[in-house]
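Dear colleague,

I am passing on a structure that you have not worked with before. Please look through it once on your own, and then read the notes that follow.

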Amino acid sequence: MTSSSTPGLTRFNTLADGEATPALHEVCASAAWGETVLAGRPYATEEALLSASDAAMAELTAEDLAEAMAGHPPIGRPIPDDPTSAREQRGMAGASEELRTEMLELNLAYQERFGHVFLICATGATGEQMRDAVKSRIGNSPEQEREIVRTELGKINRIRLTRLVREILAEEAPAQDS
């Protein structure tokens with residue numbers, strides 16, 4: 001499906017900047033990332049959009065990454081009444097109280113060490129996998145962790161952008177005459 005334009009991608013390409021900017025902010029809270037992706041329109045294919053997202057992510061400064069991370073809740077505490085947050089953290093939904101408590105403690109230790117939330121592309125990961133990831137990453141240097149976070153944010157952005165153009169904007173696209 002990424003080889004040609006889809007109704008959602010066509011809609012994304014033609015949205016007014018004032019509509020596209022908040023949609024991109026829902027994907028990634030970094031204004032610099034959103035501006036870069038927005039400036040690259042129109043995209044011929046979904047893959048071109050995803051590649052532009054990756055390139056924009058690679059260029060983010062430490063401050064831009066901090067802004068992007070600020071849009072993510074701690075693992076195990078999805079944003080209330082936010083279906084995206086709940087969907088992405090589904091692996092913690094059925095976690096035991098013991099695992100939830102351990103994640104809270106690990107999240108706090110991680111945040112104290114690095115100054116930001118533990119960020120992982122949680123889609124499809126179990127609570128145990130997320131716990132193991134924070135345990136393995138807490139010993140990283142700040143520089144190593146910043147690059148891991150950049151990679152994880154890139155994965156999240158790809159999932160969210162794909163959903164934006166395949167589901168959300170495709171549903172809103174006007175019907176095409178045959």
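Is Y110 buried or exposed? Before the answer, please keep in mind that this is a predicted model, and that the values below are computed from it. With a relative accessible area of 0%, Y110 falls under the 20% cut-off and is therefore buried.

Y110 also takes part in an aromatic pair with F118, in which the ring centres lie 5.2 Å apart and the planes meet at 80°, an arrangement that counts as edge-to-face. Its partner F118 is likewise buried, at a relative accessible area of 1%. If you widen the view a little, you will find that ring pairs join Y110, F114 and F118 into a cluster.

A search of the whole structure gives three aromatic pairs. One of them is formed by F12 and Y43, whose rings are stacked, with 6.4 Å from centre to centre and an angle of 20° between the planes. F12 belongs to helix 1, which covers residues 7-14, whereas Y43 sits in the loop between helix 3 (31-39) and helix 4 (46-58), so this pair ties together parts of the chain that are 31 residues apart in sequence. F12 counts as buried because its relative accessibility is 0%, and Y43, with a relative accessible area of 7%, is buried too.

Turning to the chain as a whole, you will see that the protein chain contains 10 helices and zero strands, so that, read from the N terminus, its elements run α-α-α-α-α-α-α-α-α-α. The C-alpha atoms fill a box of roughly 55 × 35 × 25 Å along the principal axes. For 178 residues, a compact globule would be expected to have a radius of gyration near 16 Å, and the 17 Å found for the protein chain agrees with this.

As for packing, 43% of the 178 residues are buried, and, among contacts between residues at least 6 apart in sequence, 72% join residues that are at least 24 apart.

The accessible surface of the protein chain amounts to about 9,300 Å², and carbon and sulfur atoms account for 53% of that area. Finally, the protein chain carries 17 positive and 29 negative charges, and the mean positions of these two sets lie 4 Å apart.

With best wishes

Conventions. Residues numbered from 1 in each chain as written. Predicted model: local features only at pLDDT ≥ 70, side-chain atom pairs only at ≥ 80, totals over all residues. Heavy atoms only, no water. Helix = DSSP H or I, 4+ residues; strand = E, 2+ residues; numbered from the N terminus. Rg over C-alpha atoms; globule rule 2.2 N^0.38 Å. Buried < 20%, exposed > 50% of the residue type's maximum accessible area, 1.4 Å probe, protein only. Contact = heavy atoms within 4.5 Å. Areas by Shrake-Rupley, 256 points an atom, 1.4 Å probe, with all protein chains shown as cover. Lys, Arg positive; Asp, Glu negative; His and termini not counted. Charge placed at Lys NZ, Arg CZ, Asp CG, Glu CD. Phe/Tyr/Trp six-rings, centres within 6.5 Å; stacked < 30°, edge-to-face > 60°.
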